[in-house]
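Student: I'd like a close look at one part of this protein, starting from a single residue and working outwards. Could you walk me through it in one go?

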Amino acid sequence: MHPVTRACHLDGIALWTPSLPSHAHAVRVWRSEAGPADPPAPRPSPALLAPTERRRAPDTVAIALAVASDACAAAGADPATLPCVFASTEGDLVISDYMCRTLATEPREISPTRFHNSVHNAASGYWTIATGCHAPATSLSAWRETWAVGLLEALLQAEDAGRVLYVAYDIEAVGPMRTVCDSRGQFGTALVAARERSERSTHRIEWRTRERREGDELAPHAGLAAGNPLARALELHAAVAADTERIVCTPLSAGLTLELTVMPAGTP
């Protein structure tokens with residue numbers, strides 16, 4: 001039995017890492033028109049948060065909200081109306097390290113602010129409150145397959161909802177957490193997937209799930225975010241940057257792969 005191929009449209013895409021602070025910058029790097037940002041870009045400061053919240057927000061929230069805002073702007077989408085899927089492999093590892101250390105030594109000293117930022121849906125909570133979004137919000141993790149599983153969830157939701165925002169983010173592990181969750185660097189990516197083509201659509205994506213094959217795990221551009229669990233997402237950004245049809249394969253599990261065929265929106 002052949003896997004069923006489905007399709008969606010890409011209405012906007014965004015990227016942030018210290019060395020690739022935007023999707024446009026990454027495109028210039030791949031075209032040999034620029035190098036990685038030097039010095040590295042500072043942490044983004046999402047304008048939709050009030051100044052006090054902006055200062056208190058952890059890196060995970062700041063990165064997630066920045067790329068979510070950029071993707072919505074590129075898509076011409078009203079964030080208040082978009083269902084959203086937020087994905088993170090390991091959540092906020094800095095706060096997790098702080099919580100474990102404090103609970104082991106001075107449990108009464110736990111910061112209420114840092115505690116409420118420790119939950120896995122903190123970023124989606126900040127987003128929906130800041131944008132006034134009452135549409136469904138999903139937060140998930142699937143370990144090393146988080147990027148692909150989150151993208152699959154967003155693609156499926158877009159078939160019903162019409163348009164969905166997908167946001168994925170991970171930051172660097174610190175302290176003893178590094179021995180079990182060796183995440184390096186900071187990474188954020190977001191896109192708006194749409195069921196129907198519009199004037200904002202830049203690409204058509206045909207996708208299917210199939211059995212995993214040898215070579216599906218290869219990700220030539222991942223070295224630009226080496227060590228971060230979401231580095232594989234750069235393959236989609238590179239395919240979007242290309243002027244021709246590209247196939248992107250990203251594992252969903254030990255036995256399944258998500259295969260994307262990415263092409264310019266006007267491709268017959």
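Tutor: Let's start with His9, in this predicted model. Leaving out residues up to four places away in sequence, His9 touches Val192, Ala193, Ala194, Arg195, Glu196, Arg197, Ser201, His203 and Arg204. His9 itself is found in strand S1, which runs over residues 6-16. Buried or exposed, then, for His9? It counts as buried, because its relative accessibility is 9% and the cut-off for buried is under 20%. Take Val192 from that contact list: His9 and Val192 are 183 residues apart in sequence, yet their C-alpha atoms are 8.5 Å apart in space.

Two of the residues that His9 touches, His203 and Arg204, lead on to Val262. Not counting neighbours within four places in sequence, Val262 is in contact with His203, Arg204, Ile205, Leu236, Ala239, Val240, Thr244, Glu245, Arg246 and Val248. Val262 also takes us into the largest nonpolar core, which has 39 residues; the members that touch the most others are Trp147, Leu151, Tyr166, Leu191, Leu236, Leu260 and Val262. Helix H7, residues 146-161, gives the most to this core, with 7 residues. As background, nonpolar side chains tend to be buried together in soluble globular proteins.

Stay with H7 for a moment. Its buried residues are Thr146, Trp147, Ala148, Gly150, Leu151, Leu152, Ala154, Leu155, Gln157 and Ala158. As for its length, the 16 residues should span 22 Å at 1.5 Å a residue, and the end C-alpha atoms are 22 Å apart, so the two agree. Just after the helix, Gly162 takes a positive phi of about 95°.

H7 also has a part in the largest pocket: H7 and strand S7 (246-251) each supply at least two residues of its lining. That pocket has a volume of about 190 Å³. Its lining is made up of 13 residues, and those closest to the pocket centre are Arg144, Glu217, Ala219, Pro229 and Arg232. Sorted by class, the lining has 7 nonpolar, 2 polar and 4 charged residues.

Now for the enclosed space. The structure holds 1 cavity of 30 Å³ or more, and the largest cavity has a volume of about 60 Å³. Its lining comes from Thr60, Val61, Gly91, Asp92, Asn117, Val119, His120, Ala122, Ala123 and Tyr169, which divide into 5 nonpolar, 4 polar and 1 charged. Helices H3 (59-75) and H6 (122-131) each supply at least two of the lining residues.

Thr60 is a good one to click on here. It's found in H3 and is buried, at 5% relative accessible area. Leaving aside neighbours within four places in sequence, Thr60 is in contact with Gly91, Asp92, Tyr169 and Ile171. Among those contacts, Gly91, Asp92 and Tyr169 also appear in the cavity lining.

One last stop is helix H4, residues 93-105. H4 has 13 residues and reaches 18 Å from its first C-alpha to its last, close to the 18 Å expected at 1.5 Å a residue. The buried residues in H4 are Leu93, Ile95, Asp97, Tyr98, Met99 and Thr102, and they pack against helix H5 (112-116).

Technical notes: Residues are numbered from 1 along each chain as its sequence is written. This is a predicted model: local features need pLDDT of at least 70, side-chain atom pairs count only at pLDDT 80 or more; totals for chains, interfaces and linings use all residues. Side-chain values use heavy atoms; hydrogens and water are left out. A nonpolar core is a set of buried Ala, Val, Leu, Ile, Met, Phe, Trp, Tyr and Cys residues joined through side-chain atoms within 4.5 Å. Buried means under 20% relative accessible area, exposed over 50%, partly exposed in between (1.4 Å probe, protein chains only). Helices (H or I, at least four residues) and strands (E, at least two) are DSSP runs, numbered from the N terminus. Contact means heavy atoms within 4.5 Å. On a 1 Å grid over the protein atoms alone, a cavity is a set of points where a 1.4 Å probe fits but cannot get out, and a pocket is an open set with protein on both sides within 12 Å along at least five of seven lines; lining residues have an atom within 4 Å of a point. Grid points are joined across faces, edges and corners, and a volume is the space filled by probe spheres set on the points. Ala, Val, Leu, Ile, Met, Phe, Trp, Tyr, Cys and Pro count as nonpolar, Asp, Glu, Lys and Arg as charged, and the others, Gly among them, as polar. The expected span of a helix is 1.5 Å times one less than its number of residues.
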